[in-house]
Amino acid sequence: MRSIILLAFFSLYFTFTSHAQERLSSTINSNWLFLKGDTTQAGAAAKWQPVSVPHTWNAQDVLDDEPGYYRGTGWYKKTLYIPADWKEKEVYLYFEGAAQVAEVFINGKPVGKHIGSYTFFSFPISRFLKYNAAGNTPNQLVVKVDNSHNKDIPPLTGDYTFFGGIYRDVYLQALDKVHFDADNHATNGIFIATPKVTGDNAELRIKGAFVNKSNQKKKLLVRHQLLDADGNVFQELKKNFSASPGQKVSFDQELKHIKKARLWSVDDPYLYRVVSTISEAGSSTVLDEVTNPLGFRWFSFDAAKGFFLNGEPLKLIGASRHQDFKEMGNALSDAMHVRDVGLLKAMGGNFLRIAHYPQDPAILQACDRLGILAIIETPMGNHITETEAFAVNAANIQREMVRQNYNHPSLIVWSYMNEVLLRPQHEKGSERQELYFKNVAKLAQQLEDLTRKEDPHRYTLISNNGNFDLYNRTGLTRIPMLVGWNLYLGWYTDTFEDFGAYLDRHHQELPDKPVLVTEYGADADSRLHSFAPVRFDKTVEYTNAFHQAYLKAILERPFVAAGLIWNLAEFSSEHRVESTPHINSKGILTGDRKPKDGYRFYQANLLKDPYIQIGSKEWQLRTGFAASETNLTCTQAVVVFSNQPAVSLKLNGKLVGTASTEQGVVRFHVPFINGLNRIQAYASLDGAEITDQTDIQFDLLSQNLRSNALPFKTLHVSLGDQRMFYDEAAGQVWLPEQAYQPGSWGYVGGKVYTMENTTRHSYGSDKNILGTALDPVYATQRTGIEQFKLDVPAGDYEVTLHFAELVSGIKKEELAYNLGDGKQTAEDFEERVFDVSVNKKRMLSGLSNTGYLYPERAVSSKINVSVKHNEGITIGFKPLKGEAILNGIQVRKIR
Ligand code: GCB
Ligand code: CA
């Protein structure tokens with residue numbers, strides 16, 4: 001271990017001595033020690049864990065089923081060895097992010113503090129350091145990080161997990177005494193704008209500052225070279241300055257009439273680089289050098305005609321993105337960030353909303369390079385705190401965001417405040433609440449003014465939830481240059497046909513305000529399917545219909561500048577308590593970035609190259625009932641996504657049909673057979689063909705449980721449910737419930753459980769059912785069930801009964817996605833007690849919600865049944881108090 005550190009140190013040292021002039025910057029991500037807990041634990045006896053950054057202390061918290069995650073203090077420490085000749089340098093520590101308050105100490109002395117989880121920060125540390133003498137001289141770097149809730153630091157609340165830790169890269173930097181300003185909000189001191197670009201003429205303006213920390217007066221040359229993509233000098237700007245010891249010198253240099261600049265666009269994201277150097281006049285020795293991206297493009301938003309890039313109309317279609325990954329929290333490598341931008345590009349998207357906070361620098365770098373336009377926003381949503389401290393923090397974060405991301409040509413919009421009136425504070429309709437609204441608008445105006453002053457070349461935006469009147473009345477639709485609506489009609493409210501009407505209303509009532517749909521989406525649990533989808537069932541099929549309707553409405557309206565899917569990928573939201581607890585499943589990719597049908601749908605609509613993909617490929621095992629004893633097939637839909645006009649489909653080599661695509665979608669009715677079903681989809685393009693293929697296993701069942709053709713094996717039924725649920729790990733498909741028919745199977749009596757006392761629709765209960773990963777089975781229920789009957793042949797069977805006490809809904813005043821804490825008390829539900837018998841034998845006695853049936857917790861019971869003759873299996877439910885319930889049942893023939 002020690003030798004590795006020494007080696008690392010020596011290589012760093014030699015790199016340095018051989019290029020004495022350059023700014024040195026390298027990550028110090030390895031070999032940290034971490035301690036979770038408060039200060040008293042940070043003493044000598046404490047157990048420090050070796051970690052490397054990026055690191056979050058909440059990675060484990062997101063793996064369990066229990067609600068909540070650690071919000072508190074974590075300590076990091078690391079030993080630093082500083083080369084002896086860095087004495088002549090200015091040394092900095094640079095953090096790309098730490099959540100949410102970080103305090104840095106070196107050798108026991110406080111170096112600085114940073115507030116805010118999502119912006120970069122840096123500190124000059126020379127005066128705290130001990131430099132290597134003969135051997136290595138250790139310096140102790142300690143960082144205290146705290147992600148506790150703090151009423152003065154945005155975000156206060158939100159539908160995402162506020163992971164804590166040093167979750168991005170950390171750099172150690174050594175600068176010459178003469179260097180570009182490194183004390184301006186962790187920027188590199190250079191700010192590049194293209195105030196005016198047209199097809200053949202461009203203007204460039206480079207502002208910034210440098211400092212002379214040496215003890216001599218210096219004559220210096222500042223030079224900016226514009227290099228084209230091949231590294232050739234395209235333009236150059238230079239100027240001489242003289243700087244006294246300690247002086248900071250600002251510059252503002254302009255180049256007008258740049259001819260023949262190659263434009264940056266989404267199809268041709270041509271990038272120049274600006275290499276800025278400082279050297280002593282008359283010397284070739286470079287004292288400092290930094291590089292920034294440059295793209296020549298111009299753009300505008302028009303309230304009637306939408307968005308224009310380089311004078312051409314461009315419908316902006318894309319997605320929002322959170323910065324976490326399945327089971328990893330937010331501590332990701334750069335490669336994982338970059339990959340997401342690539343996935344958006346590969347979808348055919350051209351627009352990214354960096355939501356709900358600034359993200360890793362790799363994101364905008366990738367946008368620049370791949371040709372994805374972007375919105376970036378500060379982390380303020382749902383509500384504000386009406387304190388001076390909150391306003392100051394919000395302004396600081398805003399300023400940091402703008403300065404740190406200023407040079408990216410892909411970035412076109414600064415945003416702040418997401419759905420800031422979602423949780424209006426104070427009593428509804430009270431004067432105090434009106435004052436609160438005024439305070440929100442006042443803060444918005446301050447942030448707006450600040451942003452426009454910082455950057456007059458980009459647009460500003462506030463994103464609102466779908467409460468038109470409130471945002472309008474409080475002035476929030478007038479303050480920013482652009483209005484964003486996050487719309488979930490057909491999901492949280494109304495039907496998706498109402499979506500277009502909402503946009504038309506905006507167009508009518510705010511005809512001068514360009515409008516962007518900054519969010520739209522619906523949960524899709526890839527395990528759930530339905531051939532008769534309904535709102536809130538979280539099936540793939542409902543979400544497909546939702547996206548079809550939304551994309552159509554967006555494309556039909558030229559005044560709508562942009563449509564942004566919520567969300568590119570499923571993300572962590574610890575408070576979520578639905579079919580995939582702790583996860584918001586609106587992503588069109590899974591949390592580990594596998595395509596869902598939503599992604600395929602957009603590919604089929606947006607990609608120009610020939611495209612064909614079979615939908616729901618992840619649904620590899622299907623089940624269904626044979627048409628009859630002699631027709632051993634079961635016809636189910638298979639969806640194909642393609643950008644070709646017509647698509648054909650074969651099943652096991654035989655043509656099923658050819659059909660025209662509509663909105664990139666075709667639905668085939670496929671007669672599945674028992675066993676392997678090879679599905680091939682293809683489209684022919686002049687002479688050639690594009691194809692896709694998938695294998696689906698089909699377990700063909702018979703409704704006649706005594707069928708000879710298809711003898712009974714197993715059955716898995718989710719009660720109170722009309723969906724199919726694929727449990728991949730168990731290799732099982734749960735079927736929808738049905739009423740009992742003689743010769744077959746099903747329930748007798750009772751009704752489907754629906755959540756009461758709620759304004760929102762749910763499918764069964766929308767709570768997290770603890771103790772299981774099969775939430776959809778347990779969250780749906782038949783209440784008041786009398787019997788469940790199966791007319792199985794003689795044999796030995798295993799019957800598993802699944803129960804969960806589902807209680808009430810969320811309180812009425814709770815809003816859309818704030819789903820409460822999942823805790824219920826005894827007053828929330830009525831007592832129930834019931835017995836369960838199997839073939840008249842009492843097997844479960846006095847099952848009650850004051851006993852075994854804890855609220856929202858999975859309970860199952862396995863019973864062996866011997867069926868002698870033709871009596872089949874009858875499970876009887878006898879209520880003693882309240883009603884009996886059943887959530888799921890599985891029956892397996894043993895012999
Ligand atoms: C919204 C929020 C976003 C949520 C989303 C949802 O409006 O802006 O943070 O995640 O809705 O899924 O409910
Ligand atoms: Ca169920």
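**Figure 1. Strand E39 (residues 675-685) and strand E40 pair in the antiparallel sense over 11 bridges.** The view is taken from a predicted model. Within this pairing, Ala 681 has Asp 692 of E40 as its bridge partner. Two residues lie between E39 and E40, which together form a hairpin. In the turn, Gly 687 adopts a positive phi of about 85°. E40 (residues 688-701) also pairs with strand E34 (residues 621-625), in the parallel sense and over five bridges. In that second pairing, Phe 698 of E40 stands opposite Arg 622.

**Figure 2. The calcium ion (ligand 2) is shown with its protein donors.** The donor atoms are Ser 718 (OG), Leu 719 (N), Leu 719 (O), Val 777 (O), Thr 780 (O), Thr 780 (OG1) and Asn 887 (O), at 2.3 to 3.2 Å from the ion. Along the chain, the donors follow the spacing S-L-x57-V-x2-T-x106-N. Ser 718 belongs to strand E41 (residues 714-718) and Val 777 to helix H10 (residues 775-778), so this pair ties together parts that lie 59 residues apart in sequence. Ser 718 counts as buried, because its relative accessibility is 1%, under the 20% cut-off. Val 777 is likewise buried, with a relative accessible area of 1%.

**Figure 3. Five strands form an open sheet with antiparallel pairing.** The strand order is E44-E47-E52-E49-E50. Strand E44 (745-748) and strand E50 (841-848) occupy the edges; each has a single partner strand, so one side of each is left without a neighbour in the sheet. On average, neighbouring strands of this sheet are turned by 15° against each other, direction ignored. Strand E49 (residues 833-838) and strand E52 (residues 873-881) run antiparallel and are joined by six bridges. Ser 837 has Gly 876 in E52 as its bridge partner.

**Figure 4. Helix H9 (residues 597-606) is largely enclosed by the rest of the structure, because eight of its 10 residues are buried.** The buried residues of H9 are Asp 597, Gly 598, Tyr 599, Arg 600, Phe 601, Tyr 602, Gln 603 and Ala 604.

**Figure 5. Cys 367 and Cys 634 are shown in a structure that holds zero disulfides.** Cys 367 is buried, with a relative accessibility of 0%. Cys 634 also counts as buried, at a relative accessible area of 8%.

**Figure 6. Ala 98 is located in the loop between strand E5 (90-95) and strand E6 (101-106).** Although placed in a loop, Ala 98 counts as buried at 1% relative accessibility. A distance of 53 Å separates the C-alpha atoms of Ala 98 and Lys 650, which are 552 residues apart along the chain. An unreviewed UniProt entry lists residues 64-173 as "domain: Glycosyl hydrolases family 2 sugar binding". This span is 0% helix and 41% strand, and its end C-alpha atoms lie 39 Å apart.

**Figure 7. The chain is divided into domain 1 (2-180), domain 2 (195-294), domain 3 (313-607), domain 4 (609-701) and domain 5 (702-895).** Taken over C-alpha atoms, the centres of domain 1 and domain 4 are separated by 53 Å.

Note on methods
Residues are numbered from 1 along each chain as its sequence is written. Chains are lettered from A and ligands numbered from 1 in the order in which they are written. This is a predicted model: local features need pLDDT of at least 70, side-chain atom pairs count only at pLDDT 80 or more; totals for chains, interfaces and linings use all residues. Side-chain values use heavy atoms; hydrogens and water are left out. Domain bounds come from an automatic or database domain assignment. Donors are N, O and S atoms within 2.8 Å of the metal (3.2 Å for Na, K and Ca); water is not among the atoms, so sites may look incomplete. Helices (H or I, at least four residues) and strands (E, at least two) are DSSP runs, numbered from the N terminus. Buried means under 20% relative accessible area, exposed over 50%, partly exposed in between (1.4 Å probe, protein chains only). UniProt positions are given in the numbering used here, feature names are shortened, and annotations may be inferred rather than shown by experiment. Two strands pair if DSSP finds at least two bridges between them. Axes are lines fitted to C-alpha atoms, for helices over the stretch in contact, and angles run from 0 to 180 degrees between N-to-C directions. A disulfide is a pair of cysteine sulfur atoms within 2.5 Å.
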